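Work through the exercises below with the model open. Each task is followed by its solution.

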Amino acid sequence: MNSSDQDFWNRVRERLKASVGDDIFNSWFARMELEALEGDTLRLSVPTRFLKSWVQSHYADKLLACWQEEVSTVARIELTVRSAVLKPLPPKAKAPEVVAPANDKREIKTGIEMPRAAAPISAVHDALGGSPLDPRLSFESFVVGRSNTLAHAAAKQVAQGRRGDQVMFNPLYIHAGVGLGKTHLLQSIAWAGNATAERKVLYLTAEKFMYGFVAALRAQNALAFKEALRAIDVLVIDDLQFLQGKNTQAEFCHTLNALIDSGRQVVIAADRPPSELETLDERVRSRLAGGLVVEMGSLGEELRFEILKARVGAAKAHHPGFDVPSAVLIYIAKTVTHNGRDLEGALNRLLAHSKLTGQPVTLEMAEREIRDLIRPQEPKRIKIEEIQRIVARQYNVSRADLLSSRRTANVVRPRQVAMYLAKLLTLRSLPEIGRRFGGRDHTTVLHAVRKIENLVNNDTSLAEEIEILKRQLQD
Ligand code: ADP
Ligand code: MG
């Protein structure tokens, strides 16, 4: 914005003032500022949302008209709320610059640095379009717990093999849900193999495998590609569930057979067991299932805590001031339960926040920063009204009937059931429940609760009815 724009704005202000009067001007326009005049679009800002909507609905035409008298080319006015425009970006929006996500290596890394692959592998690795390896995903940084002991041991075993060794299990097939450490383990194998240069380990995502083949076939050097592929000792394929296409599958099948038959190691990860890879041909599935199939379970709380602790330790190497009290680690381990990615995300938030604000990490800050990563664990809050509505519908009476003083049997039983459910499913006290049922005494509620409790034990059809009601209320 140049000074002549500002001059225009000053003159427009005078016009406005003359047109609407000082009072109105002071109320609605005094704090309006010119942000920019770009082409036919004029950007103005006000300090509050309320001002914005008021000006928009009451003075938009007048404002535009006043501007057009000064600058005839203005065709559009964009009104923004200033605090949102001018404030520096909040820490969260900046986080990605500060801390790179696992699969994306940008400036700052939180994890342990390991030297990149030694030369011997890289030619093959590159020629075959080997997927990039994340130096943080190594055995050193992998935390072993109950859910992954077997998978870890098998991966270690594979990684320690030497050229010409008898292969113990082939393929090694690891499956687990998202974020439970499959990629971490597979890349650990690749790093370990490459570090000793003892064997050529090729790590490929299923996608890379597909594109590698497609590209090679297009370039008509499929033969060379296969030759190169056969030159490797360990083939590691991640996310096999993404393997698609008849040709790709056929090639995958050949490769798998060729490697296994010639005693080379194959390691596979997928989000499901071989038998559930529906898109794959039955023969491939059984070949995959013919080695060692290991499942990794979800991360237990203890393991989550250990992973967090290790991560903080690693992050400290790069960010010496970064310190997370164990109360905060315990809090995250308890509340962020989904998977390893969310744990990492949670720590990245804390790191970004502490770097950007220079403030120490506290429990309070953690609670604020990671709120949205916490899966709501507590059961749904059930309202008494809701119980009354559902019960009334079930027994074909009205909600008013339940609250009334009527004592006919067709109303008494549903009313008792509703009171019983209110006691069972809410935290309301007996007197409170009594009040909500047309101002009844708490002894009446207690009587109803006992009555239904007794009946449920002896009357299976009532017990069933109540189960159905409960289910309706709970989901
Ligand atoms: P997957 O490939 O199964 O979806 P990843 O291997 O990408 O999961 O793991 C997700 C995140 O959790 C990564 O940052 C990874 O380092 C971390 N993680 C998972 N399990 C462990 C573990 N046992 N020890 C250390 N970090 C782990
Ligand atoms: Mg993965």
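**Exercise 1.** Find the bridge partner of Leu235 in E7, then place the two strands in their sheet.

Solution.
- In this predicted model, Leu235 is bridged to Val266 of E7.
- The strands concerned are E6 (residues 234-238) and E7 (residues 265-270), which pair in the parallel sense over four bridges.
- Both belong to an open sheet of five strands, ordered E5-E6-E7-E4-E8, with parallel pairing.
- At the edges stand E5 (201-205) and E8 (292-295); each has a single partner strand, so one side of each lacks a neighbour in the sheet.
- On average, neighbouring strands of the sheet are turned by 15 degrees against each other, direction ignored.

**Exercise 2.** Determine which strands helix H8 lies across, and which strands helix H11 touches.

Solution.
- Helix H8 (residues 182-196) lies across E4 (172-175), E5, E6 and E7, and runs at about 155 degrees to E5.
- Helix H11 (residues 246-261) packs on the sheet and touches E6 and E7, its direction making about 135 degrees with that of E7.

**Exercise 3.** Decide where the buried residues of H22 sit around its axis, and what covers them.

Solution.
- H22 (residues 460-474) has 15 residues and reaches 21 Å from first to last C-alpha, close to the 21 Å expected.
- Its buried residues, each under 20% relative accessible area, are Leu462, Ile466, Leu469, Lys470 and Leu473.
- These residues cover an arc of only 100 degrees around the axis, so they lie on the same side of H22.
- The face turned away from that side carries the exposed residues Thr460, Glu464 and Arg471.
- The cover over the buried residues includes helices H17 (384-395), H19 (409-425) and H21 (442-458).

How values were computed: Residues numbered from 1 in each chain as written. Chains lettered and ligands numbered in written order. Predicted model: local features only at pLDDT ≥ 70, side-chain atom pairs only at ≥ 80, totals over all residues. Heavy atoms only, no water. Pairing = 2+ DSSP bridges. Axes fitted to C-alpha atoms, helices over the stretch in contact; angles between N-to-C directions. Contact = heavy atoms within 4.5 Å. Expected span 1.5 Å × (residues − 1). Buried < 20%, exposed > 50% of the residue type's maximum accessible area, 1.4 Å probe, protein only. Arc of directions from axis to C-beta.
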